[in-house]
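Please look through the sequence and the model shown below before reading on. The briefing that follows takes up a few loops, a sheet with its helices, and one strand residue in turn.

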Amino acid sequence: MKIHVLPSGPIQTIGYLLTESKTGVAVLVDAPADVWEKVQPLLEKEGCVLKELWLTHGHWDHTQDAAKIKRASGATVRAHQADQHLIETPETMRAYLIPGLELEAVKIDAFVRPGERLAALGREFEVRHVPGHCPGNVLFYQAEAKVALVGDALFNGGVGRWDLPGGSFELLEESIHGQIYTLPDDTTVLPGHGPRTTVGEEKEGNPFVPGARR
Ligand SMILES: [Zn+2]
């Protein structure tokens, strides 16, 4: 499995394209604006077809290209039900938009549930629910590859904003302790913005949510 890191759109939100040439299938995690233009040549190069679009959460900067990508590829869109209103009626977030940006609604094809294992690329991805930044934030964990795609729950040296609608620091802290810091220390954390990190590094040095519970 190859992981292509594709920062895109007005606030450099990262779309992660997972490709596996053995199966000819690709999965895209998050759909920032203009990511599709970067995804298409990679699919061609890797000989893969995009079958799945997984949304870590419903914030506009992660979903802006979703409708376009679904139309173009026919990919199955999966997300948590708690963010259905954000994804299917994106005008909800109008107050938080950069002026002039247009949002297009996309229909979720299947809701992901905590503990669910998604089969893709000849692998299994475990879904974990990590609310606090956004009510429907989930992570996708692939044990053999030792990677967790966490959306905006946890960053390298930071955590997601908790002051947006539906956000809560207490909840975020609980999610990080219960669902992320319980993964093996050598798990690579792939966040929705900025550089990657590991579970161990964040437990050791994250200033917002230290590994040792307060
Ligand atoms: Zn977000």
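**Briefing on the predicted model**

In this predicted model, D34 belongs to the loop that lies between β3 and α1. The points below begin with D34 and a second loop residue, pass on to the sheet and the helices that accompany it, and end with Y141.

**Two loop residues with positive phi**

- Most residues other than glycine have a negative phi.
- D34 has a positive phi of about 70°, although D34 is not a glycine, and this residue counts as partly exposed because 16 C-beta neighbours lie inside 10 Å, a number in between the 12 or fewer of an exposed residue and the 20 or more of a buried one.
- K146, which is found in the loop between β9 and β10 (147–151), is likewise not a glycine and has a positive phi of about 55°.
- With 14 other C-beta atoms within 10 Å, K146 is partly exposed.

**The six-stranded sheet**

- Six strands form an open sheet in the order β1-β2-β3-β4-β5-β6, and the pairing within this sheet is mixed.
- The edges are taken by β1 (2–8) and β6 (110–111), each of which has a single partner strand, so that one side of each is left without a neighbour in the sheet.
- Strands of a sheet pair through backbone hydrogen bonds, and they do so in either a parallel or an antiparallel way.
- Strand β2 (residues 13–20) pairs with strand β3 (residues 25–29) in the antiparallel sense, over five bridges, and in β3 it is V27 that stands opposite L18.

**Helices on the sheet**

- Helix α1 (residues 35–46) packs on the sheet, where it touches β1, β2, β3 and β4 (49–54), and the direction of α1 makes about 160° with that of β1.
- Helix α3 (residues 66–73) lies across β3, β4 and β5 (76–79), and α3 runs at about 150° to β4.

**Y141 and its surroundings**

- Y141 has its place in strand β9, which covers residues 138–142.
- Is Y141 buried or exposed? Y141 counts as buried because it has 22 C-beta neighbours inside 10 Å, where 20 or more are needed.
- When residues up to four places away in sequence are not counted, Y141 touches F125, E126, R128, A148 and L183.
- Between the C-alpha atoms of Y141 and V127 there is a separation of 6.5 Å, although these two residues are 14 residues apart along the chain.

Notes: Residues numbered from 1 in each chain as written. Predicted model: local features only at pLDDT ≥ 70, side-chain atom pairs only at ≥ 80, totals over all residues. Helix = DSSP H or I, 4+ residues; strand = E, 2+ residues; numbered from the N terminus. Contact = placed C-beta atoms within 7 Å. Pairing = 2+ DSSP bridges. Axes fitted to C-alpha atoms, helices over the stretch in contact; angles between N-to-C directions.
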